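Reader: I want the reasoning behind the labels, not just the labels. Take me through them one at a time.

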Amino acid sequence: RYPGSFIPFIGGQRDDLGPRSQRWNDLRALDPLLVGMREKLRTGEFFGLGEFILVHHAYEIANSTEGGGEVKLSVDSRGFKEIAKLAAGYEVPVLFHAEAEPGVVEEVIRLFGNAPDTRFIWAHNCGRSSAEQIGNFLNQYPKLMCDLGHMFNGPYIKGGYGKYWPRETPWIHLVQDEDGRIIPEMKALFEAFPDRFVIGTDVAHTPMLIHYEYRIAIFRVMLAQLAVHTARKIGYENAERLFAKHGGLR
């Protein structure tokens, strides 16, 4: 009914790729899933793979039975390397969630090194890394994009990845302060790499849909603090470039 209004990915949040799955390191078990992904990519109707949940903090949604579980998977597992290889062959990005904590960052670096032809989108401002660390990633890995999904903060924001949630760690870095002002080092990062960020609301649970308009409004507060050309790139031009010419069987 609404052609052109959706950018479908082949989903990565699935029970058979959860923390108890053997498929991440048993390629024979993973192969049927890869076959299915390949068949879908051949249609040209899918624009990416993911989001794959690799390192994830558990949380609960207030007044709801929905939530997210604790996950600790190796980012550079055999299975994820195969998924990255598949994505490179069809020229589509891979979106993944991994908190940038000690040990995890080293695994991510190994993954990027082993998959130089794959375009990765690292969710939540590259795992909520510091501006300095993200700048190093972007300089070293030209195919890396950072997604700003749920990274907003400001008045009335009670939780989410834009805050120290669901638990505070030394490795979580904010984009906006409690008043919605962009943290200075993050603002400098956006201006230095305007082509490498895309926005995202991360409305992952039905009860959160009532906050959708407010999330968009907070993003506009964020973008309004940037140079016009930077705001346009992050707001929509980078996504247009990323998804306009996708896929294609080699």
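Author: Start with Tyr156, in the loop between S7 and H6. This is a predicted model, so every value here is computed from it.

Reader: What makes Tyr156 count as exposed?

Author: Its relative accessibility is 69%. Exposed means over 50%, so Tyr156 qualifies. The backbone deserves a look too. Tyr156 has a positive phi of about 75°, although it is not a glycine.

Reader: Which other residue has a positive phi although it is not a glycine?

Author: His150, with a phi of about 65°. His150 is also placed in the loop between S7 and H6.

Reader: Why is His150 called buried?

Author: The relative accessible area of His150 is 9%. The limit for buried is under 20%, so His150 is buried.

Reader: Where does a cis peptide bond join a residue to a proline?

Author: Between Trp165 and Pro166, with omega about 0°. Pro166 lies in the loop between S7 (144-147) and H6. Another cis bond runs from Gly50 to Glu51, with omega near 10°. Glu51 belongs to strand S1, residues 49-56.

Reader: On to the helices. Why is H5 called roughly parallel to H6?

Author: H5 spans residues 131-140 and H6 residues 184-192. They pack at an angle of about 15°. Angles under 35 degrees count as roughly parallel, so H5 and H6 get that label. Their axes are 9 Å apart, and the crossing is left-handed.

Reader: Which residues make the contact of H5 with H6?

Author: H5 supplies Ala131, Ile134 and Gly135. H6 supplies Glu185, Met186 and Leu189. By class, the contact divides into four nonpolar, one polar and one charged. Gly counts as polar, so Gly135 of H5 fills the polar place. Glu counts as charged, so Glu185 of H6 fills the charged one.

Reader: And what makes H1 roughly parallel to H2?

Author: H1 (residues 27-42) and H2 (residues 78-90) cross at roughly 20°. The cut-off is under 35 degrees, so H1 is roughly parallel to H2. Their axes come within 11 Å. H1 passes H2 in a right-handed crossing.

Reader: Which residues of H1 and H2 meet?

Author: On H1: Leu27, Leu30, Leu34, Met37, Arg38, Leu41 and Arg42. On H2: Arg78, Gly79, Glu82, Ile83, Leu86 and Tyr90. They divide into eight nonpolar, one polar and four charged. Arg and Glu count as charged, so Arg38, Arg42, Arg78 and Glu82 are the charged ones.

Reader: How many aromatic pairs are there?

Author: The count comes to 18.

Reader: What makes the pair of Phe96 and Phe112 edge-to-face?

Author: There are two tests. The ring centres are 6.3 Å apart, and a pair needs centres within 6.5 Å. The planes stand at 65°, and over 60 degrees counts as edge-to-face. Both tests are met, so the pair is edge-to-face.

Reader: Which parts does the pair tie together?

Author: Phe96 is in strand S5 (residues 94-98) and Phe112 in helix H3 (residues 104-114). The pair therefore links parts that are 16 residues apart in sequence.

Reader: Are Phe96 and Phe112 buried or exposed?

Author: Phe96 has a relative accessible area of 0%, so Phe96 is buried. Phe112 has 4%, so Phe112 is buried too. Both values fall under the 20% limit. Ring pairs also link Phe96 and Phe112 into a cluster whose members include Trp24, Phe52, Phe80 and Trp122.

Reader: How do you know that Asn125 is buried?

Author: The relative accessible area of Asn125 is 0%. Buried means under 20%, so Asn125 is buried. Asn125 sits in helix H4, residues 123-128. Leaving out residues up to four places away in sequence, Asn125 touches several others, among them Ile134, Cys146, Asp147 and Met186.

Reader: Last one. Why does Ser130 count as buried?

Author: Ser130 has 18% relative accessibility. The cut-off is under 20%, so Ser130 counts as buried. Ser130 lies in the loop between H4 and H5. Apart from neighbours within four places in sequence, Ser130 is in contact with His173 and Met186.

Conventions. Residues are numbered from 1 along each chain as its sequence is written. This is a predicted model: local features need pLDDT of at least 70, side-chain atom pairs count only at pLDDT 80 or more; totals for chains, interfaces and linings use all residues. Side-chain values use heavy atoms; hydrogens and water are left out. Axes are lines fitted to C-alpha atoms, for helices over the stretch in contact, and angles run from 0 to 180 degrees between N-to-C directions. Helices (H or I, at least four residues) and strands (E, at least two) are DSSP runs, numbered from the N terminus. Angles under 35 degrees count as roughly parallel, over 145 as roughly antiparallel, 65 to 115 as roughly perpendicular and the rest as oblique. A crossing is left-handed if the near helix is turned anticlockwise from the far one by less than a right angle, and right-handed if clockwise. Contact means heavy atoms within 4.5 Å. Rings of Phe, Tyr and Trp (its six-membered ring) pair if their centres lie within 6.5 Å; planes under 30 degrees apart count as stacked, over 60 as edge-to-face and the rest as tilted. Buried means under 20% relative accessible area, exposed over 50%, partly exposed in between (1.4 Å probe, protein chains only).
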